[in-house]
Each structure stands twice: as C-alpha cells, then as structure tokens.
Amino acid sequence: MESLSDTLWDVVICGTGLQQSLLALALSRSDKKILHIDPNEFYGGAEAAFSLQDTELWVNRASAGSGGLFKSASIAKPEGTTGLSASRAYSLALAPQLIHARSTLLSQLVSSRAYRQVEFLAVGSFYIFKPPQESSQRPSLARIPSTREEVFSTTAVSAKAKRLLMKFMKFVLDYESSPQLEVWQPFADALLTDLLQQEFKMDAELQTYIVTLTLSLDGKISTKDGLAAIRRHLSSMGVYGPGFAAIYPKWGGLSEIAQVACRAGAVGGAVYMLGTGIKETETAEGEVKIQLTSGDTVKTRMLVRAGDSASDEMGITRLVAVIGSPLNSLFEAVVEGAPRPAVAVIAFPAGSLSTVSGKASEYPVYLSAHSSDTGECPAHQSVLYLTTLSTPDANATLNLALDAFLGTITEGQAPSVLYRLQYEQLAGSQRSQSEASIFTFPAPFLSLSFNDSTLQPVHEAWKKVMGDAAVEADYMTFADREGAVDDDDVYE
Amino acid sequence: MADSNTPKPSSSVKLVLLGEAAVGKSSLVLRFVNNDFQENKEPTIGAAFLTQKCNLPTRTIKFEIWDTAGQERFASLAPMYYRNAQAALVVYDLTKPTSLIKAKHWVAELQRQASPGIVIALVGNKLDLTSDGAGSGGDADGAGAEDSGDARKVTTEEAKTYAEEEGLLFFETSAKTGYNVTEVFTAIANAIPETSLKTARGPGASHTAGRTEEQRVNLNGPRDPNAKEGCAC
Ligand SMILES: Nc1nc2c(ncn2[C@@H]2O[C@H](COP(=O)(O)OP(=O)(O)OP(=O)(O)O)[C@@H](O)[C@H]2O)c(=O)[nH]1
Ligand SMILES: [Mg+2]
C-alpha cells in the first residue's frame, strides 16, 4: 500500500471529538482519502469517557496545562477501602449531554444508519431541589410536571398554578404564530421570567419550574431562547415513547456517538492514528503539508481540526461523583408503558444553596444522575454529574449541592461518595473558521442538552471537502451496508 | 423444539475479531454468517460490521460482529471496537507461529483495556492445512494447495495450555471447510454471563423482578407518528 507520505489525502481530520467524528461519518461513503488522527491516546476528544485509570491519566495532563479547554482537574477518594470496583467498570463522561428527541443529531444518526450501533436510554424526570423550610426538616425534590397529563394529575402545585401552566404550555407549542407572537415579541430579548410574570402572572416558584426546563446555566435566559428551549422540551415529549423528552446514549453519551461515527469512518476506509498530532502546517498551491508528531510528513487538500482556544465567556465547573447507591427511586418510570429511565436531572435554582460564607448560590447547579444502566458504573452504584458556571465558589457550591442532594435520599442509609472528580471546562470560540484549505471547528457548547448548532459546522466542513461533488440530499443519508442488518436467517 | 411457541428472550452481543493480517478473521465471519468461503479474500480495510443470530435452547443471541483489519497500519482502530464488547475472538493461523505471538499481544491488551467481563476465545484457524485437520480439503475437493501433508507450526498442546492459563475458550477451526466455526460462536454465546445480556435485568434492578422490561429506546421503531406535539396537546 501507499505509505502515509506518498498519499495525497483529500482530508486530514485532527481530533476525534464529536464534530470531527461526525465529519468522518458524513464522508464515510464518499471514497475520499481520509486520514483521521488524534494527538490523544483515546477517542472522543472533549467528549471522551474514561475508566478510572484513564481519568487519572487525563487529570494529570489537564493539571499539567495540556488539557486543552479543561483545567484545574483533581480527584478525591476517601481513605482506605473505597467500595470502588475495577477501573474499567466505570466510564465517566467528560461532557455528558442529554439529547432531546427532536434533535437533528438523532435524525442524522438514523438516516446515516449509525444509530444501529448505539443503545439509547430514556432521560426521565426533571426535579427541583427544595431547601427545607425549617432546620428540622429534610430538603426534598419536587418533580416538574412537563406534560399536560402530569400537570393535570400533580399534587405538587395549586389548582391555579395548574391553569397557568396549562395555558403556558399551550402558548409555547405554537409560539411562533399569531396571536402568541405578538404577546412575547416585546419581551424577546428581555428575561423569560419577565414574560412569565407579566403576561402569565406566575409566581416565583412557577417561574423557577419553567426556567429549569430550559436548563439555562445562568438562570437568566432570554424570552426568545427560553421559549425555543421549552418548546423543544415539550415537543420532544413522547416522540420515542411515552413519558420522556430526551435520551442518552449508553456508555458515556456523546463519547459513544463519536466512536460509532469513527467506526463508520473506518469501515469506509479512513485510516486512523491515535497518539499522533500536528507539529506544523505549511500551505502552498492548494495543498497543506503537515508535519505530524510521529515524524511523518503528509500532504492533504484539506485539514479539518478542533478549535481549542478559550474565549472570555464564562466556563463551567464540573463535579463527577460516584456514589454507593443505585438511587432506585429516581429512576422509576412515571408513565404507563414508559421505558425505565437511566438518567434523571435535578436542578438547584439560583439561591437555593447557601455557601460557607453564608452567601446564596449565584447560579443554578444542575445534577444529572446516571444509573448503572448507562454502563458508566457497576450495579448498585450511580454516577452524579454536577455542573455550574465557574465562579470562585463553584467547587464549594458543587460539593454543597452534592451533600444537599444526598440529604434528600430517604431510601436506605445515606449513600456514601466513593469518588469525586472535579474540573473546569473553558468556553471556547463559538464560530468555525474557514481558510483556504484549513477548517477549524468551534469549541463544544457547554450546555447540558445537545445543541443542534453543533451540527452546522460539520455540514460546512463536509461541503468544503466534497466541493463540486457535494449532493445536499445525500448528506448523512446512507443505506445499510450489506450484512449489517438483521435478516431473519436464524442460525441454529 | 418443544417450547418454540413461546418467544425466547433475545439479546445482542457485541463481538470483535482481532488477529494478525491474513489469519482468516473475515473468512471465519463469512463462514458463520453466509456459510461461504472465498479462496482469495481481500484484506479488510479498516473494519467491517455484520450481524448473525445464534439460537440457543433458552434464548436467541444476536451477534453484532466487528471484523477488524489485521494490517499493522490499522492497529489504532482496535480500541474503538473492543470498547464495550462482550466477546472477542482472537485468531491466529496455526501454520504461522508469529501469528500466535500477535494473538497473545491482543489477549493481553484485551485483559488490560476491554470490559472486565469480556469473553475471549482463542482460535487457531486453517486446520485444513494440517494432516490431522478434520475435514481437510485435500482429497475432498481436490483443491488443496498444501496437499503433501502437514503445514502445522503451532501444536494444539501449546495453544491450549496458554488458553487454559489465561482462561480463554479455545478452538481449532477451518473457515475453508467450516470445521468448528459455528461451535466457536455457540460456545461464546453460552459463555456470556446472563447478567451482561442487555435484555436481562441486572442485579441492580431487583424491584422489577419477574417482568422483562424493555429499556432500550428504539429510534426507528413503530412509534406514534402523530406524536408531533408530544403528549402535551
Ligand atoms: N486453507 C485455508 N485458507 C484460509 C482459511 N481461512 C482463510 N483462509 C485464506 O486466508 C486468506 C486470508 O483470509 P482473510 O479472511 O481475508 O484474513 P483476515 O484475517 O480477515 O485478514 P485481514 O483482513 O487482512 O486482517 C484468504 O486467502 C483466505 O482464503 C482456512 O481456514 N483455510
Ligand atoms: Mg479481514
């Protein structure tokens, strides 16, 4: 075969994060010559999922300043016997985003046939953390009703609140046409809470319910963005089955999708090299000459790479905790016929936690609880992913939220925290960059739910690589490969 | 079968094939999936994906088979195929001692990196090229290239001892004649622990005992097409 250096590649893709991997999937039937490399020794880039041992290696790199958009990473384990299982029984996701059922990502996974290799699990209830009214009480979790049926049957809110919620839900589902449009347009760039208060007369508690469903990181979402987010949530309800609006890929979320996409790339003939990055590039006459860290020099018509320069936007701080309880009550299906959820989301609204210094928490904290069905931890344990905007108090606030959450668990004895991983993820450039032969993806969104804007740059990069051969209707639309589908030849 | 009127539980098992180039990985899959053999099979580029069902007395196993390329330049691929795999078939060519060394490397890597409970089968292929090869091709189809006898370079004893030490299933096969091929897959299907099967509820789910609950969300299934506005309308 031709050696790496003798080949004129159509595209070199650097990095195996979600966007680069989806590009590999998009090009997997194109007959283009693709070299897909990653400076890391693992797949998944910023969306990777790790065993405990790999987490440790990653933490060492991130704290040595070579973690790209990740920094200040640390691990804490209780002394002595920890109750932890073998390293590889865990698959901790760096960026565990849930995916709303209406996401274009899912329709692309279906049309590209890549979905056959992914196992999707339901994201169940969304809860709000309620601090105790008196010090003698326990804090509690209130489930947010997010379908009409649930609003109807819930006992958590008053009859009046039910009417307001119903009215609002109806409004949101068709908010882009008259007469709804005229109602919210004056508020478009104002806070969603302004609209809720002034037009829907909702009290602070109901406003919090609604804002939580938007999963807004700062809790200060605009009306325009907020309505879009709520509509996405409501219209995603029931699409793939009763009782859930979002799904989560087993084995580490987007990390799994990135790998499935790379596998499709490899089946299509792309050459993969881990542990190989770019030292230097030189562009001349429509070709990029790339010096690889492995010592090889390769030539390509196009180079597509990850964007990993930080912006001055606020980043997020994460806490990943493994706990010694299956938290069964969080993962019960609440609707007849619904699949048992593997993920539950708990929001701690701004102000619901008081920090050591007595200050109320400035931003919401979101806790995404994953059962062992996600394959991210062994049976009888769960993984909790906590996120909040990066402030000087963020680490402390996340630990408070974790303790507060554990305080709401009434089943059995108080669960123990077996492992904590903390790190910061910086915000990066939101825009892709396209020079003559080099395309740079934007940094990943920090949102808790997959943002469909992630897909646009992938499509752009695909168009650049395909050039005149790009047929729009064929984008991410493939037939099953021969033998890949379940025929009914049962072998006895 | 006596109980064929009650549907058996069906589970998918992700299986990956690893081994040096040209030992016959793709040929074993072709034999298992299509009961076919190609004398001059092209080397695999990257990887290939195939599925095949295997019917056991108490359940049906649907194998999701990842056949990887053995050529060295594809070595970086393996981790994304053995990740989360429940079974691995590590293949060597019993006429080529270096291929057993390579197989041992793969076994070590799997033991280090793959899922803790992965079922590994060590398979010595091309048994038809040996004199003791059951169903050896020479006389039967008159096409045997090495008709003059025994090309075996790895003894059964050596490979078997190694497999026992490492706790691997062990088979000698011929993709060409089909000898022992289905047996490998059936043995793997039988060796997959009940708890790691996707439809079987894990031990963490005792509260749902007695009820097989479908948990996997189907993106392409017969869902309500009118769910456009969700349950909320
Ligand atoms: N005699 C004999 N030849 C075999 C057998 N299995 C495979 N072959 C031949 O060996 C060659 C290589 O077989 P493949 O199945 O392509 O090998 P592979 O392991 O998939 O090779 P890569 O894809 O390059 O890793 C082909 O010419 C096959 O016909 C066997 O059991 N007996
Ligand atoms: Mg092959």
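**Exercise 1. A loop residue in chain A**

Let's start in the loop of chain A between α1 (18-26) and β2 (34-38), where A:Asp31 lies. Keep in mind that this is a predicted model. Your task: find the sign of phi at A:Asp31, and decide whether A:Asp31 is buried or exposed.

*Solution.*
- Step 1. Begin with the general expectation: most residues other than glycine have a negative phi.
- Step 2. Now look at the backbone: A:Asp31 is not a glycine, yet its phi is positive, about 65°.
- Step 3. Turn to accessibility. The relative accessible area of A:Asp31 is 75%, and exposed means over 50%. Therefore A:Asp31 counts as exposed.

**Exercise 2. A second loop, and an unusual peptide bond**

Your task: describe A:His380 in the way you described A:Asp31, then say whether the peptide bond from A:Ser178 to A:Pro179 is cis or trans.

*Solution.*
- Step 1. Locate A:His380: it sits in the loop between β16 (365-371) and β17 (382-389) of chain A.
- Step 2. Read its phi, which is positive and near 75°, in a residue other than glycine.
- Step 3. Classify its accessibility. A:His380 has 43% relative accessibility, so it counts as partly exposed.
- Step 4. Move on to the peptide bond. In general, most peptide bonds are trans. The one from A:Ser178 to A:Pro179 is cis, with omega near -5°. A:Pro179 belongs to the loop between α5 (159-173) and α6 (180-184) of chain A.

**Exercise 3. A strand with two neighbours**

Your task: work out which strands pair with β12(A), and which of its residues lie on the covered face.

*Solution.*
- Step 1. Take strand β11 (residues 278-284) of chain A. Six bridges link it to β12(A) in the antiparallel sense; in one bridge, A:Glu280 is partnered by A:Gln291.
- Step 2. Follow the chain between these strands. Their hairpin has two residues in between, and A:Glu285 takes a positive phi near 50° there.
- Step 3. Look at strand β13 (residues 297-305) of chain A, which is antiparallel to β12(A) and joined to it by four bridges. Here A:Lys289 has A:Lys299 as its bridge partner.
- Step 4. Check this turn too: four residues separate β12(A) from β13(A) in the hairpin, and A:Gly295 has a positive phi of about 105°.
- Step 5. Sort the side chains of β12 (residues 287-292). A:Val288, A:Ile290 and A:Leu292 make up the covered face, while A:Glu287, A:Lys289 and A:Gln291 make up the uncovered one.

**Exercise 4. Around ligand 1**

Your task: find how many residues surround ligand 1 and which helix gives the most to this shell.

*Solution.*
- Step 1. Count the shell: 25 residues, with B:Lys25, B:Ser27, B:Glu39, B:Gly70 and B:Asp128 the closest.
- Step 2. Sort them by type, which gives eight nonpolar, nine polar and eight charged residues.
- Step 3. Find the helix. It is α1 (residues 25-34) of chain B, which supplies three residues.
- Step 4. Inspect the contacts with oxygen atoms of the ligand. A polar side-chain atom lies 2.7 Å away in B:Lys25 and 2.6 Å away in B:Ser27, and B:Lys176 has a polar backbone atom at 3.3 Å.
- Step 5. Finish with coverage: on its own, ligand 1 has 650 Å² of accessible area, and the protein covers 92% of this.

Definitions and conventions. Residues numbered from 1 in each chain as written. Chains lettered and ligands numbered in written order. Predicted model: local features only at pLDDT ≥ 70, side-chain atom pairs only at ≥ 80, totals over all residues. Heavy atoms only, no water. Near = heavy atom within 4 Å. Polar contact = N/O pair within 3.5 Å; in protein donor to acceptor, adjacent residues only side chain to side chain. Areas by Shrake-Rupley, 256 points an atom, 1.4 Å probe, with all protein chains shown as cover. Nonpolar A, V, L, I, M, F, W, Y, C, P; charged D, E, K, R; others polar. Buried < 20%, exposed > 50% of the residue type's maximum accessible area, 1.4 Å probe, protein only. Pairing = 2+ DSSP bridges.
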